[in-house]
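Grab a pencil and work through a few short exercises on the chain below. Each one has a task, followed by a solution in steps.

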Amino acid sequence: MSFQHYIPAAFLANFSSDTFEERRKRKVSVGDKSDGSIFTAPVSKIIRIKNFYPEMVDETFEYYETRLNKAINQLIDRTITCKL
C-alpha cells in the first residue's frame, strides 16, 4: 500500500501559490507544532500516513481525488455543471 492523505492532495494544492497543472507537485508552507519549525514541501509529501485506509477505501478515494482537481477548477472559474 502507498501513502494516503488525511485531506486530499488536490484540495491542499489550493493553498499553494504555484500554478502548474500537476497539483500534487505544488508546494505549500507547513508549520510543525512539535518543534515550531516552518518548512515548504510539495502537497504529495504532507498530511499523509502509510496504510491509513484499507485498500478498498484507498481505491475509492483515488477515483474521487482524480476527479476532484477538475471539479475544484470548475468551481473557481464558475463553469461547473450538474452533469456527470
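Before starting, one cut-off: a residue is buried under 20% relative accessible area, exposed over 50%, and partly exposed in between. Keep in mind too that this is a predicted model.

**Exercise 1. Sort out the salt bridge: say which side chains meet in it, and place each partner as buried, partly exposed or exposed.**

Step 1. The structure holds 1 salt bridge, so there's a single pair to look for, given that a salt bridge needs a Lys or Arg nitrogen within 4 Å of an Asp or Glu carboxyl oxygen.
Step 2. The pair is Lys25 and Glu22, with 3.6 Å from N to O.
Step 3. Lys25 has a relative accessible area of 48%, so Lys25 is partly exposed.
Step 4. Glu22 comes out at 45%, so Glu22 is partly exposed as well.
Step 5. As background, side chains of opposite charge can pair when their charged atoms come close.

**Exercise 2. Write down the order of helices and strands along the chain.**

Step 1. Take stock: the chain has 2 helices and 4 strands.
Step 2. Walk along the sequence and you read β-α-β-β-β-α.

**Exercise 3. Describe how β2 and β3 pair, and work out where the side chains of β2 point.**

Step 1. Strand β2 covers residues 27–31 and strand β3 covers residues 38–42; they pair antiparallel over 5 bridges.
Step 2. For one of the partners, start at Ser29 and cross over to β3: you land on Thr40.
Step 3. Look at the turn of this hairpin, where 6 residues sit between the strands and Gly36 has a positive phi near 80°.
Step 4. Now the side chains: Val28 and Val30 point to one face and are buried, whereas Lys27, Ser29 and Gly31 point to the other and aren't.
Step 5. That fits the general picture, in which side chains of a regular strand alternate between the two faces of the sheet.

**Exercise 4. List the residues of the largest nonpolar core and find which elements give two or more of them.**

Step 1. The core has 8 residues: Ala9, Leu12, Ala13, Val28, Val30, Ala41, Val43 and Ile46.
Step 2. Two or more residues come from each of α1 (9–12) and β2.
Step 3. Zoom in on Ala41: beyond its neighbours within four places in sequence, Ala41 touches Arg26, Lys27, Val28 and Ile46.

**Exercise 5. Which nonpolar residues form a patch on the surface, and where does Tyr6 fit in?**

Step 1. The patch is made of Tyr6, Ile7, Phe11, Phe15, Ile47 and Ile49, with about 550 Å² of accessible area together.
Step 2. Tyr6 sits in the loop between β1 (3–5) and α1.
Step 3. At 46% relative accessible area, Tyr6 is partly exposed.

**Exercise 6. Locate Arg67 and say how far apart Arg67 and Ala10 are, in sequence and in space.**

Step 1. Arg67 belongs to helix α2, residues 55–77.
Step 2. With a relative accessible area of 43%, Arg67 is partly exposed.
Step 3. Arg67 and Ala10 are 57 residues apart in sequence, and their C-alpha atoms are 9.1 Å apart.
Step 4. For the wider view, take contacts between residues at least 6 apart in sequence: 54% of them join residues at least 24 apart.

Technical notes. Residues are numbered from 1 along each chain as its sequence is written. This is a predicted model: local features need pLDDT of at least 70, side-chain atom pairs count only at pLDDT 80 or more; totals for chains, interfaces and linings use all residues. Side-chain values use heavy atoms; hydrogens and water are left out. Contact means heavy atoms within 4.5 Å. Two strands pair if DSSP finds at least two bridges between them. A nonpolar core is a set of buried Ala, Val, Leu, Ile, Met, Phe, Trp, Tyr and Cys residues joined through side-chain atoms within 4.5 Å. Buried means under 20% relative accessible area, exposed over 50%, partly exposed in between (1.4 Å probe, protein chains only). Patches are made of residues with over 30% relative accessible area and no salt bridge: like charges are joined within 9 Å, nonpolar side chains (Val, Leu, Ile, Met, Phe, Trp, Tyr) within 5 Å. Accessible areas come from the Shrake-Rupley method with a 1.4 Å probe; for residues, only the protein chains shown count as cover.
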